[in-house]
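Here is a short tour of a protein model with a bound ligand. Please keep the viewer open beside the text as we go.

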Amino acid sequence: MASILEKFKKGLAKTREGLFGEITKLVKNKYTVDDELLEQIEEVLIGADLGVETSLSVIEQLQNHVNREGFNEPEELTAFLKSELIKHLTGSPGEENGTAATDFFNPTIKPFVVMVVGVNGTGKTTTIGKLAKIFHDNGQKVLLAAADTFRAAASEQLEIWAKRAGVDVVRTQAGGDPAAVAFDALKAAIAREVDVLIVDTAGRLHTKVNLMEELKKINRVLGKAMETAPHEVLLTLDASTGQNALLQAKEFKETVPLTGLVVTKLDGTAKGGMVLTVQSQLDLPVRFVGLGESMDDLKPFDSKTFVEALFQ
Ligand SMILES: Nc1nc2c(ncn2[C@@H]2O[C@H](COP(=O)(O)OP(=O)(O)O)[C@@H](O)[C@H]2O)c(=O)[nH]1
Ligand SMILES: [Mg+2]
């Protein structure tokens, strides 16, 4: 089995090539740091979706460092950038979550209820399938709730993932009441002594207001079936949307009590730098990252492995 670092390296290949490939090219054979070089590096950082604020702050630190210590060879520059990026992740909410998969999960709460929200196509259903497998392999009894009743295909897709993971699903007919499915599923989870219930939700309704109202209702109804539920509310963000994901996230954050982020599709984009900023900007930990489409491509986020994979 590939090591976790190898997995991250593979999933982050595009970002690594875009970001550090470009920087390596820029600093090659350079023995002075001038404004032009700093500007070029800044452009690369912004291009990798580190965010303007983070990029500017990194460049400023770099300038200060060069003024203070001088500059002898190109490798110093990349080493400095690496330590700056690690600093940006250190102390951010994700930092404590080296093994996020089991960190947020509290086995003394039974059933532990996870609600997954996010815009259509960001990877909710896929993430739930992969997550179900992680919990199932960990010996937990898992139940899924198909509360995306908007399209018939949505429940079917969840069912396919459930079969792969070897877990059960509670569903209703297309167009059924999503809050009712969530409520019934939680009642069933309690009756069947399930350890983890994961609730899938819709990402697009006729209007955004409808969607947000529906999510609020699901959240409320879960609390009716079990006072402390949901225990974790995960928002999926598609890495390829880069900094735009922040705008989406803010709307969801105002609607439901988000507790964590899942950044998907890192393997398909050079904008992986966004992971470095979303958690500090939203004050929410990245729990998992999606590094590919297959079952074992969802990995607990680890900031050190992440930065390491960006540089190697
Ligand atoms: N390459 C890649 N594709 C992903 C990842 N996560 C999800 N996808 C794909 O994104 C598409 C939408 O995912 P889905 O789970 O249906 O999104 P939902 O509408 O939010 O439920 C599917 O084709 C998934 O296979 C990932 O980490 N990497
Ligand atoms: Mg879905």
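pLDDT is the predictor's confidence in each residue, from 0 to 100. This is a predicted model, and its chain averages a pLDDT of 89, with 94% of the residues scoring at least 70. One stretch to treat with care is residues 96–101, where pLDDT stays under 50 and the model has 13 contacts beyond four places in sequence. Where pLDDT is low, the predicted coordinates should not be read in detail.

Let's turn to the ligand. Ligand 1 is surrounded by 19 residues, the closest being G123, K124, T125, T126 and G290. Helix α7 (residues 124–137) supplies the largest share of this shell, three residues. By character, the shell holds 13 polar residues, five charged ones and one nonpolar one.

Next comes the interior. The largest nonpolar core has 89 residues, and those touching the most other members are A132, L144, A182, L197, I198 and V199. Helix α9 (residues 178–191) gives the largest share of this core, seven residues. In soluble globular proteins, nonpolar side chains tend to be buried together. V199 makes a good place to zoom in: beyond its neighbours within four places in sequence, its contacts are V114, M115, V116, A145, A147, A182, A185 and I218.

Helix α11 (residues 244–255) shows two faces. Its residues A245, A249 and F252 are buried. They lie on the same side of α11 because they cover an arc of only 65° around the axis. An α-helix has 3.6 residues a turn, so residues three or four places apart point the same way. L247, K250, E251 and E254, on the other side of α11, are exposed. The cover over the buried residues of α11 includes β1 (112–117), β5 (232–238) and α12 (274–282).

Finally, some backbone details deserve a look. Most residues other than glycine have a negative phi, and most peptide bonds are trans. The exceptions below go against those habits.

| Site | Backbone feature | Value |
|---|---|---|
| K110 to P111 | cis peptide bond | omega about -5° |
| A229 to P230 | cis peptide bond | omega near -5° |
| N29 | positive phi, not a glycine | phi about 65° |
| E193 | positive phi, not a glycine | phi about 55° |

P111 sits in the loop between α6 (100–103) and β1, and P230 in the loop between α10 (208–225) and β5. N29 belongs to the loop between α2 (13–27) and α3 (35–47), while E193 is in the loop between α9 and β4 (196–201). Are these two buried or exposed? N29 is exposed, with 6 other C-beta atoms within 10 Å, and E193 is exposed too, with 9.

How values were computed:
Residues are numbered from 1 along each chain as its sequence is written. Chains are lettered from A and ligands numbered from 1 in the order in which they are written. This is a predicted model: local features need pLDDT of at least 70, side-chain atom pairs count only at pLDDT 80 or more; totals for chains, interfaces and linings use all residues. A residue is near a molecule or strand if its C-beta atom, placed from the backbone, lies within 6 Å of it. Helices (H or I, at least four residues) and strands (E, at least two) are DSSP runs, numbered from the N terminus. Ala, Val, Leu, Ile, Met, Phe, Trp, Tyr, Cys and Pro count as nonpolar, Asp, Glu, Lys and Arg as charged, and the others, Gly among them, as polar. Two residues are in contact if their C-beta atoms, placed from the backbone, lie within 7 Å. A residue is buried if 20 or more other C-beta atoms lie within 10 Å of its own, exposed if 12 or fewer, and partly exposed in between; C-beta atoms are placed from the backbone. The arc is that of the directions from the helix axis to the C-beta atoms. A nonpolar core is a set of buried Ala, Val, Leu, Ile, Met, Phe, Trp, Tyr and Cys residues joined through C-beta atoms within 7 Å.
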